[in-house]
Number of protein chains: 2
Amino acid sequence: MLHPLSVCGTIGPMSTSPGAPALGIRATARREVTARIRAEGRRQLASEGAAGLSLRAIARELGMVSSAVYRYVPSRDALLTELILESYSALADVAEAANASVPDQDDLEARWRAVWRAIRGWAFAHPHDYALLYGSPVPGYRAPQDTVAPASRVTGSFAALLVPLATAGGSVPVPVAVPESLSASLESTRAFVGEGVPDDLLLRGLMAWAGMFGAISFELFGQYEGAFADRDTYFDYVIDQWFVLLGGPPA
Amino acid sequence: MLHPLSVCGTIGPMSTSPGAPALGIRATARREVTARIRAEGRRQLASEGAAGLSLRAIARELGMVSSAVYRYVPSRDALLTELILESYSALADVAEAANASVPDQDDLEARWRAVWRAIRGWAFAHPHDYALLYGSPVPGYRAPQDTVAPASRVTGSFAALLVPLATAGGSVPVPVAVPESLSASLESTRAFVGEGVPDDLLLRGLMAWAGMFGAISFELFGQYEGAFADRDTYFDYVIDQWFVLLGGPPA
DNA sequence: AACAAAGCAGAGCGGTGCTCTTGCTTCCCC
DNA sequence: GGGGAAGCAAGAGCACCGCTCTGCTTTGTT
């Protein structure tokens with residue numbers, strides 16, 4: 001439909017900030033087209049899901065021939081990976097914003113609730129993205145190592161609550177003795193979360209992590225279908241339960 | 001390669017049980033071919049995953065032309081649905097067998113451990129099948145209503161442990177007050193699990209259910225990557241923790 | 001023996017990812 | 001300013017997919 005260069009020639013230069021290193025027509029055009037491809041890809045991903053992400057369809061929608069897209073995107077899987085990384089960052093932003101939005105930062109329960117409500121809200125607002133991050137790996141597609149770092153940012157906003165829980169809260173209720181070998185193999189997790197978190201809290205944190213995402217996944221993927229009617233109340237109940245099970249101080 | 005009928009004509013009649021209602025040559029041939037298609041589909045599903053399930057590939061492997069397969073299978077998704085149903089049943093069989101294999105049926109902790117170890121073992125033995133059952137729904141494919149019943153059989157072998165837990169065990173540790181509306185909306189779950197299970201145990205059972213499958217999924221899908229080294233010990237620890245958190249009686 | 005049902009093979013439609021060649025345009029450097 | 005190098009669009013093409021339709025053969029039954 002539209003010739004990319006013609007558009008870039010008009011609005012491209014206007015959109016470059018003054019301090020930018022004076023990109024040529026070619027470079028800004030490339031930026032524009034790349035951005036438009038990603039935007040269209042995101043649109044397809046949101047509406048059709050990962051399997052509906054098709055470079056041919058993107059090209060069709062953007063009025064270019066399919067082979068032209070390969071000038072900007074190395075492959076379909078590469079584009080999918082980029083979109084996944086974007087999604088991880090978006091979810092991490094949402095979680096961190098929710099955590100920061102709590103006025104009284106000493107109110108751990110409020111922060112805990114805010115973070116998990118935000119994560120669940122994002123999951124239901126972007127089900128296909130969530131499925132990509134926390135569902136089964138996409139068929140025929142293997143997540144490259146690059147996804148580990150952005151994923152850990154989401155985990156981080158959850159792990160950041162464990163340290164204040166360890167200091168402000170009491171001990172973990174109904175603790176279970178931690179086997180020696182398990183305790184020894186937790187070093188990387190201990191380093192990630194931070195100092196001052198005892199092993200039983202660390203392990204119950206791992207359980208809570210999987211438990212919360214498991215609850216969201218079960219709800220989103222239909223496993224909880226028919227189990228209860230009042231979904232929001234159930235999830236809030238789960239949030240509160242986990243806060244208690246992690247030894248969170250009562251309000 | 002092989003002409004289906006030629007094979008069926010030889011081994012088909014031999015495989016029909018004597019008491020069977022005297023299937024004609026045609027009917028037994030149809031059975032044979034259908035079974036072979038399903039077997040080949042299962043093979044592909046196990047090795048390539050759901051996306052690798054291709055009727056054309058099945059036809060190629062079976063030495064027939066692609067259109068011929070459609071005489072036996074209405075569509076690719078229909079075959080996938082059948083295989084999913086089979087997988088649900090297989091997992092349910094595994095779980096029930098593990099439960100029944102415990103000599104002392106009064107030892108709830110042993111039964112609890114046996115069931116979950118079996119489920120996890122099956123998940124790792126059949127990762128693609130597990131992803132189909134408990135991962136994100138397959139792109140472009142929506143599980144029909146038929147999957148609900150077989151899925152509940154798996155859930156049932158887990159829910160069956162809640163009733164003896166309620167009677168033999170004490171109360172749920174660190175209970176959290178159940179909101180009125182939530183309690184009211186639990187009727188179907190209460191009916192499914194059985195009488196005599198208080199609401200807080202019912203709810204924590206739902207949490208444990210999602211938590212255990214969440215832990216398996218996290219481990220299988222790579223979310224736990226690098227969190228701990230001793231995976232088996234960790235999972236056993238999670239099993240024990242949940243047993244305690246459900247108020248299971250100490251050994 | 002005749003007939004209708006069942007089954008097979010092949011061509012074909014529209015879709016996918018991806019590659020290669022061909023010609024053109026822009027850029028950069030001499 | 002001119003020329004070479006690099007970037008780009010277009011199109012054809014390959015191999016794959018699900019699925020359909022048309023003939024033709026085989027089969028089981030009447």
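In the predicted model, the side chain of A:D199 makes a polar contact of 2.4 Å with the side chain of A:S183. A:D199 belongs to helix α12 of chain A, which spans residues 199-221. With a relative accessibility of 19%, A:D199 counts as buried, because the limit for that class is under 20%. Leaving aside residues up to four places away in sequence, A:D199 touches A:V178, A:S183, A:L186 and A:R190. The partner in the polar contact, A:S183, is thus also among the residues touched by A:D199.

The loop between α9 (162-168) and α10 (180-184) of chain A contains A:V174. The phi angle of A:V174 is near 35°, a positive value in a residue other than glycine. Most residues other than glycine have a negative phi. A:V174 is partly exposed, its relative accessible area being 28%. In chain B, B:V174 is placed in the loop between α9 (162-168) and α10 (180-184), and phi of B:V174 is likewise positive, near 35°. B:V174 counts as partly exposed, at 28% relative accessibility.

Aromatic pairs number 36 over all chains. One of them joins A:W112 and A:W116 in an edge-to-face arrangement, with 5.9 Å from centre to centre and 65° between the planes. These two tryptophans are separated by about one helical turn, because A:W112 and A:W116 stand four residues apart in helix α6 (residues 108-125) of chain A. Both A:W112 and A:W116 are buried. A:W112 also pairs with A:F158; this pair is tilted, the centres being 5.8 Å apart and the planes 50° apart. Since A:W112 lies in helix α6 and A:F158 in helix α8 (residues 148-159) of chain A, the pair ties together parts that are 46 residues apart in sequence. The relative accessible area is 1% for A:W112, which is therefore buried, and 5% for A:F158, which is buried as well.

Arginine side chains are also found over aromatic rings. A:R120 lies over the face of A:F124, at 5.2 Å from the ring centre. In chain B, B:R120 is positioned over the face of B:F124, with a distance of 5.2 Å to the ring centre.

The protein surroundings of DNA strand C comprise 21 residues, of which A:I25, A:R56, A:R60, A:R76 and B:S67 are the closest. Of the atoms of DNA strand C that come within 4 Å of the protein, 53% belong to sugar and phosphate. By class, the surface near DNA strand C consists of eight nonpolar, five polar and eight charged residues. At least two residues of this surface are supplied by each of α2 (25-48), α3 (55-62) and α4 (66-69) of chain A and by α2 (25-48) of chain B. The largest share, four residues, comes from α3(A).

Contacts to the phosphates of DNA strand C involve both backbone and side-chain atoms. A backbone N or O atom of A:R76 is located 2.7 Å from a phosphate oxygen of the strand. From chain B, a backbone N or O atom of B:V65 lies 3.5 Å from a phosphate oxygen of DNA strand C. The side chain of B:Y72 contributes an N or O atom at 3.3 Å from a phosphate oxygen of DNA strand C.

Key. Residues numbered from 1 in each chain as written. Chains lettered and ligands numbered in written order. Predicted model: local features only at pLDDT ≥ 70, side-chain atom pairs only at ≥ 80, totals over all residues. Heavy atoms only, no water. Near = heavy atom within 4 Å. Polar contact = N/O pair within 3.5 Å; in protein donor to acceptor, adjacent residues only side chain to side chain. Nonpolar A, V, L, I, M, F, W, Y, C, P; charged D, E, K, R; others polar. Phe/Tyr/Trp six-rings, centres within 6.5 Å; stacked < 30°, edge-to-face > 60°. Buried < 20%, exposed > 50% of the residue type's maximum accessible area, 1.4 Å probe, protein only. Lys NZ or Arg CZ within 6 Å of the ring centre and 35° of its normal. Contact = heavy atoms within 4.5 Å.
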